[in-house]
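Subject: Structure handover

Hello,

Here is the structure I promised to pass on. Please open it alongside this note.

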Amino acid sequence: MAHTERAALADDLAELDDAQWAQRSLCGQWTVEEVVAHLTAAASTSRLRWLRSVLAARFDFDEHNARRLTEHRGATPAETLVRFRSIIGSTTSASSRHTAAWLGEVIVHAQDIRRPLGLAGAPALAAVTEVARFYAERNFAVASRTAIDGLRLEATDGPFTAGAGTEVRGTTLALTMAMAGRAVYCDDLTGPGVPTLRGRL
């Protein structure tokens, strides 16, 4: 699934112009190109190398991510895309026990890029459902489980449901992106629990 979603994103990126590559994504201060370089870094960093990098950054994960991003960013957007295409089939990750988290890395960051650019591409429902279930069950890279405490999430396009309490409804992708901390996706959700969720993000 991760390989498929990387390939789909690479195809979406193929026709971007320089202004689009430089546009801010939904991921903090990162531009589209920086998010792509980050995805390349994530699929190129083994557990041992990740540990070394984190130790060198003194557990400052922002610094760790910035260093790896710089390492995998090309001299031009075209080169950054070539580097990203080279890891489409990669099985390297910092942990082999949390494959749904690494799938989530691809899905969430792809939408961090697509939404601001107005790109129509979207991940496969089955893939997003795997990530939604993972995010609903635990806090991992993001406080996804905490964000939905006391809420009942129900997907309108698939089998995903989670939690108990005030209802929040929407597509599996919108629910997943909201759990990942992207408040803009609350605009795509309905139900009396949406204000609570939005406030937590």
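Below is what came out of going through the model, from the overall layout down to single residues.

**Overall layout**

First, a caution: this is a predicted model. The protein has eleven helices and three strands. From the N terminus, the order is α-α-α-α-α-α-α-α-α-β-β-β-α-α. The protein has 201 residues, and 46% of them are buried. Its accessible surface is about 9,600 Å². Carbon and sulfur atoms hold 51% of that surface. Take the contacts in the protein with a separation of 6 or more: 60% of them join residues 24 or more positions apart.

**The cores**

The largest nonpolar core has 33 residues. Within this core, L153, F160, V168, M179, L189 and L197 touch the most other members. Five elements give two or more residues each: α7 (99-117), α8 (125-137), β1 (151-155), α10 (172-179) and α11 (194-200). The largest share comes from α8, with seven residues.

L197 shows how this region is put together. Setting aside neighbours within four places in sequence, L197 is in contact with A147, I148, L151, V168, A178, C186 and L189. A second core, separate from the largest one, holds 21 residues. Among them are A43, F84, I87 and L117.

**Helix α10**

This helix deserves a look on screen. How many of the residues of α10 are buried? Eight of its eight are, so the helix is mostly covered. The residues concerned are T172, L173, A174, L175, T176, M177, A178 and M179. They pack against α7, α8, α9 (144-147), β1, β3 (166-170) and α11. After α10 comes G181, which has a positive phi, near 95 degrees.

L173 is one residue to click on. L173 sits in helix α10. Buried or exposed? L173 counts as buried because its relative accessibility is 16%, and the cut-off for buried is under 20%. Setting aside neighbours within four places in sequence, L173 is in contact with I107, Q111, P123 and V128. The C-alpha atoms of L173 and A124 are separated by 9.3 Å. Those two residues are 49 residues apart along the chain.

**Cysteines**

How many disulfides does a search of the whole structure find? Zero. Two cysteines are worth noting here. C27 is buried, at 17% relative accessibility. C186 is buried too, with a relative accessible area of 1%. C186 is also one of the contacts of L197.

**Empty space inside**

A word on the approach. Rolling a probe the size of a water molecule over the atoms shows where empty space is left.

The count comes to one cavity of 30 Å³ or more. The largest cavity holds about 80 Å³ of space. Which residues line the largest cavity? They are R6, L39, A42, A43, T92, S93, W102, E105 and V106. Two elements, α3 (32-42) and α7, each supply at least two residues of the lining. α7 gives the most, with three residues.

Two links tie these sections together. A43 lines the largest cavity, and A43 is also included in the second core. Helix α7 contributes to the lining, and α7 also gives two or more residues to the largest nonpolar core.

Best wishes

Methods
Residues are numbered from 1 along each chain as its sequence is written. This is a predicted model: local features need pLDDT of at least 70, side-chain atom pairs count only at pLDDT 80 or more; totals for chains, interfaces and linings use all residues. Side-chain values use heavy atoms; hydrogens and water are left out. A nonpolar core is a set of buried Ala, Val, Leu, Ile, Met, Phe, Trp, Tyr and Cys residues joined through side-chain atoms within 4.5 Å. Buried means under 20% relative accessible area, exposed over 50%, partly exposed in between (1.4 Å probe, protein chains only). Helices (H or I, at least four residues) and strands (E, at least two) are DSSP runs, numbered from the N terminus. Contact means heavy atoms within 4.5 Å. Accessible areas come from the Shrake-Rupley method with a 1.4 Å probe; for residues, only the protein chains shown count as cover. A disulfide is a pair of cysteine sulfur atoms within 2.5 Å. On a 1 Å grid over the protein atoms alone, a cavity is a set of points where a 1.4 Å probe fits but cannot get out, and a pocket is an open set with protein on both sides within 12 Å along at least five of seven lines; lining residues have an atom within 4 Å of a point. Grid points are joined across faces, edges and corners, and a volume is the space filled by probe spheres set on the points.
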